[in-house]
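Visitor: I would like a close look at one residue, and then at the parts of the structure that surround it. Please take me outward from that residue step by step.

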2 protein chains.
Amino acid sequence: MIAAYWAAAEARDWDGFGRLLADDVVYEGPQTRERVRGREAYIRFNVEGFPGDWHLAVERIVAAQGQAASWIQSVGSNGAETGLCFFQLDDRGLIVRITDFWPEPYELPASRSHLVERY
Amino acid sequence: MIAAYWAAAEARDWDGFGRLLADDVVYEGPQTRERVRGREAYIRFNVEGFPGDWHLAVERIVAAQGQAASWIQSVGSNGAETGLCFFQLDDRGLIVRITDFWPEPYELPASRSHLVERY
């Protein structure tokens, strides 16, 4: 299910993408405190909110008992970015809740630099 | 397993925490490109790298087939922060790989502000 979600996004197959979503899907991005409610609004958010020639690659999907998490790489005009999503499925197996995070690079704090190696 | 990991960290029960880790556990923080190899080094990293009176609360754990993801809230001197971790377990069920992300708030891009509500 989650692999199909990302494959549909990568293919810009918005009909196929929409078939994976519950009517009342809710998307939240906690970093910006943005929210989108409903399948049509969420498809529009993806189509209009993220134009350009981005590509996605799935690094990891973990799924069990109506919940899932994914870790993807997106490459686009901002370079490579990491996307982390938590999903909930409804009792029909459709995606009903998406919580989306995009962590960005930051400076290693000096307070722990002696405890790690860099890569 | 992952719930026990976070409970041990919250309790500063580093012996119990260590018993959940493979000898050759590898921790990576992709945002800073920091890495820690081995159980003892990883315990030291947690004890010495993150002093202070932080507290953790688990928001979500998803686990299946030797893989897991967690979403936690940490509250400490930096205020509330969101931690997202992906785990791999070895064939004895011990944590052998940890990839840790700390997404931070950012400004909503104007390009999609008409497509979302704020919360």
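Guide: In this predicted model, a good place to begin is B:L21, which counts as buried because it has 20 C-beta neighbours inside 10 Å. The residue lies in strand β1 of chain B, which covers residues 21-29. If neighbours within four places in sequence are left aside, B:L21 is in contact with B:R39, B:Y42, B:L94 and B:I95. Another residue of the chain, B:W54, is 33 residues away from B:L21 in sequence, and their C-alpha atoms are separated by 22 Å.

From the residue we can pass to its sheet. The strand that holds B:L21, β1(B), belongs to an open sheet of 7 strands with mixed pairing, in the order β7(A)-β2(B)-β1(B)-β6(B)-β5(B)-β4(B)-β3(B). Its edge strands, each pairing on one side only, are β7 (117-118) of chain A and β3 of chain B. In general, strands of a sheet pair through backbone hydrogen bonds, in either a parallel or an antiparallel sense. At the β3 edge, β3(B) and β4(B) pair in the antiparallel sense over 9 bridges, and within that pairing B:V58 has B:I72 in β4(B) as its bridge partner. Helix α1 of chain B, residues 2-10, packs on this sheet and touches β3, β4, β5 and β6 (95-101) of chain B, with a direction that makes about 165° with that of β3(B). Helix α3(B) also packs on the sheet, where it touches β1 and β2 of chain B, and its direction makes about 50° with that of β1(B).

The next step is the other chain. Chain B can be laid on chain A with an RMSD of 0.0 Å by a turn of 180° and a shift of 0.0 Å along the axis, which is the relation of a two-fold axis. In chain B, the C-alpha nearest that axis belongs to B:P103, at 2.0 Å from it.

Where the chains meet, 36 residues of chain B are in contact with 36 residues of chain A. On the side of chain B that touches chain A, the elements giving two or more residues are β2 (34-37), α3 (39-49), β3 (55-64), β4 (67-76), β5 (79-89) and β7 (117-118) of chain B. Sorted by class, this side has 20 nonpolar, 6 polar and 10 charged residues. Because 100% of the interface residues of chain B are also interface residues in chain A, the copies meet through the same surface.

Chain A has a sheet that can be followed in the same manner. An open sheet of 7 strands runs in the order β3(A)-β4(A)-β5(A)-β6(A)-β1(A)-β2(A)-β7(B), again with mixed pairing, and its edge strands, β3 (55-64) of chain A and β7 of chain B, each pair on one side only. At the end of the sheet where a strand of chain B takes part, β2 of chain A (residues 34-37) and β7(B) pair in the antiparallel sense over 2 bridges, with B:E117 in β7(B) as the bridge partner of A:R35. Elsewhere in the sheet, strands β4 (residues 67-76) and β5 (residues 79-89) of chain A run antiparallel and are joined by 10 bridges, and A:S74 stands opposite A:E81 in β5(A).

The pairing of β3(A) with β4(A) is antiparallel over 9 bridges, and in it A:R60 has A:W71 in β4(A) as its bridge partner. These two strands form a hairpin with 2 residues between them, and A:Q65 in the turn has a positive phi of about 55°.

That hairpin also leads to the nonpolar core. Of the 44 residues in the largest nonpolar core, the ones that touch the most other members are A:V62, A:A68, A:A69, B:V62, B:A68 and B:A69. Not counting residues up to four places away in sequence, A:V62 touches A:A68 and A:A69 in chain A, together with B:V62, B:A63, B:A64, B:Q67, B:A68 and B:A69 in chain B.

Finally, for chain A as a whole, there are 3 helices and 7 strands, which follow the pattern α-α-β-β-α-β-β-β-β-β along the sequence. Buried residues make up 24% of its 119 residues, and its C-alpha trace spans about 50 × 35 × 25 Å along the principal axes.

Note on methods: Residues numbered from 1 in each chain as written. Chains lettered and ligands numbered in written order. Predicted model: local features only at pLDDT ≥ 70, side-chain atom pairs only at ≥ 80, totals over all residues. Least-squares fit on C-alpha atoms with pLDDT ≥ 70 in both. Contact = placed C-beta atoms within 7 Å. Helix = DSSP H or I, 4+ residues; strand = E, 2+ residues; numbered from the N terminus. Nonpolar A, V, L, I, M, F, W, Y, C, P; charged D, E, K, R; others polar. Pairing = 2+ DSSP bridges. Core = buried A, V, L, I, M, F, W, Y, C linked by C-beta atoms within 7 Å. Buried ≥ 20, exposed ≤ 12 C-beta atoms within 10 Å, placed from the backbone. Axes fitted to C-alpha atoms, helices over the stretch in contact; angles between N-to-C directions.
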